[in-house]
Amino acid sequence: MNTLSVGIVGLGQFGTHFVELFQKHPRVRRVALCDLDAGKRTEAARRFGVAETYDSLDAICASNLDALAIITQPWLHAPQAIQALRAGKHAYTAVPIISPKSGSGDEILDWCDRLITCCRATGQFYMMGETTYFRPETVMCRKRAADFGQFVFAESEYLHDTWLPACNLINVQMARTGWSEPEVLAAGGDIPMHYPTHSTSAPISIMGAHCVTVSAFGYALPSDLYFRKDSVTGNVFSHEVAMFRMSNGAIAQVTESRRNGHIGHEGVVRIIGTESSYEQDTTDEYAGRWITTTQATRVDPRSYRDPLPEALSSDLGGHGGSHAYLVDEFVSACTDARMPKINAWEAARYVAAGVTAHQSVMRDGELLQVPDWGDAPS
Ligand SMILES: NC(=O)c1ccc[n+]([C@@H]2O[C@H](COP(=O)([O-])OP(=O)(O)OC[C@H]3O[C@@H](n4cnc5c(N)ncnc54)[C@H](O)[C@@H]3O)[C@@H](O)[C@H]2O)c1
């Protein structure tokens, strides 16, 4: 397959950021749009000049498109990806694989298992659109893996305060559910470690190692309005910190936080190796320090980015310029008939780490084994 036809499913706040990137990609010959909401569908079709539209996932699955990029609400991804794969399409979803409204970790692990089984059975590709994977500092640390020597310790985080002025999560939830503010508050906050991929993807992908065991703790704000026992998930923890033993013997500390007086940060904080280390500036996404036993040197990790097709390189999109790389990786993998880098097996590692961390939080830090589905078939 030299070129790809792609349908973008979900034209909400996030999905619309990806339409032009797919349109511009030189290996994409046709783009279609799909949303249940007629207003969003019509507006996006007009804005991006797309004639081919669908009003449901069922309808777009019946088309002859090669691939679907599914950027719907986080509790829908896994079943929708499986529907697309079974319809003979390659499937991309936004993160995570799934975060069910019920807050059931067992349900998440079950969907990881079903997704991997479906990829095996259909031979179609699944890719999860994890933005941290293509942030420049993650890319740089992966490329300079040998310079670290042996990996000793990795620290990563996703700090996103619920009421962050730049992106208030109550408003986001109102947009995703159609609920009023009191309804969103009554339902309560999601489990932080059930949306763990912005943090867990960094140590796992940089070290090329997976999480084996975990001990984790949670912080509960007394009388929290949002993270409460009488919420849908019953989760009181707004800030969860996990310590993982990795398959390479290193330690990874991962923080998922929805309560913090911080401007917000996602991804690498620090990587320590026996030969050198890296520390990210958590308030400047393009600044960090490469450190050895004799010196600390300021680096701009953007210089480690890979080349992109020219049409995509002038505007890389958000989240550290990762959007263009996500689109290029999905399109290239499908057209070259190779497994995407953030495939179902890799994505399950990011997700299962968070699920098990929350289980440990609920058992006051008990050491637990992280399930693993192994490496993706090549
Ligand atoms: N850094 C990141 O990776 C990042 C950042 C923001 C959002 N996201 C992810 O992006 C996803 C979308 O977020 P959003 O804020 O745009 O949500 P949104 O609610 O604004 O948009 C989702 C859209 O999907 C549509 N949809 C749902 N089911 C459908 C179906 N069966 N067929 C067609 N359309 C359907 C809805 O009508 C809606 O318009 C979420 O899963 C979120 O986790 C990721």
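By class, the shell around the ligand holds 13 nonpolar, 9 polar and 4 charged residues. Nonpolar here covers Ala, Val, Leu, Ile, Met, Phe, Trp, Tyr, Cys and Pro; charged covers Asp, Glu, Lys and Arg; the others, Gly among them, count as polar. This is a predicted model, where local features need pLDDT of at least 70, side-chain atom pairs count only at pLDDT 80 or more, and totals for chains, interfaces and linings use all residues. Residues are numbered from 1 along each chain as its sequence is written.

Back to the shell. The ligand has 26 residues around it, each with its C-beta atom, placed from the backbone, within 6 Å. The closest are G10, G12, F14, P74 and A94. Which helix gives the most to the shell? Helix 7, residues 169–177, with 3 residues. Helices are DSSP runs of H or I, at least four residues; strands are runs of E, at least two; numbering starts at the N terminus. Domain 1 (4–128) and domain 2 (132–307 + 342–369) each supply at least three shell residues. Those bounds come from an automatic or database domain assignment.

Now the backbone. Most residues other than glycine have a negative phi, and most peptide bonds are trans. V95 and P96 are joined by a cis bond, with omega about -15 degrees. P96 sits in the loop between strand 5 (90–93) and helix 5 (105–122).

Next, H319. Its phi is positive, about 55 degrees. Buried or exposed? H319 is buried, with 21 other C-beta atoms within 10 Å; the cut-offs are 20 or more for buried, 12 or fewer for exposed, partly exposed in between, with C-beta atoms placed from the backbone.
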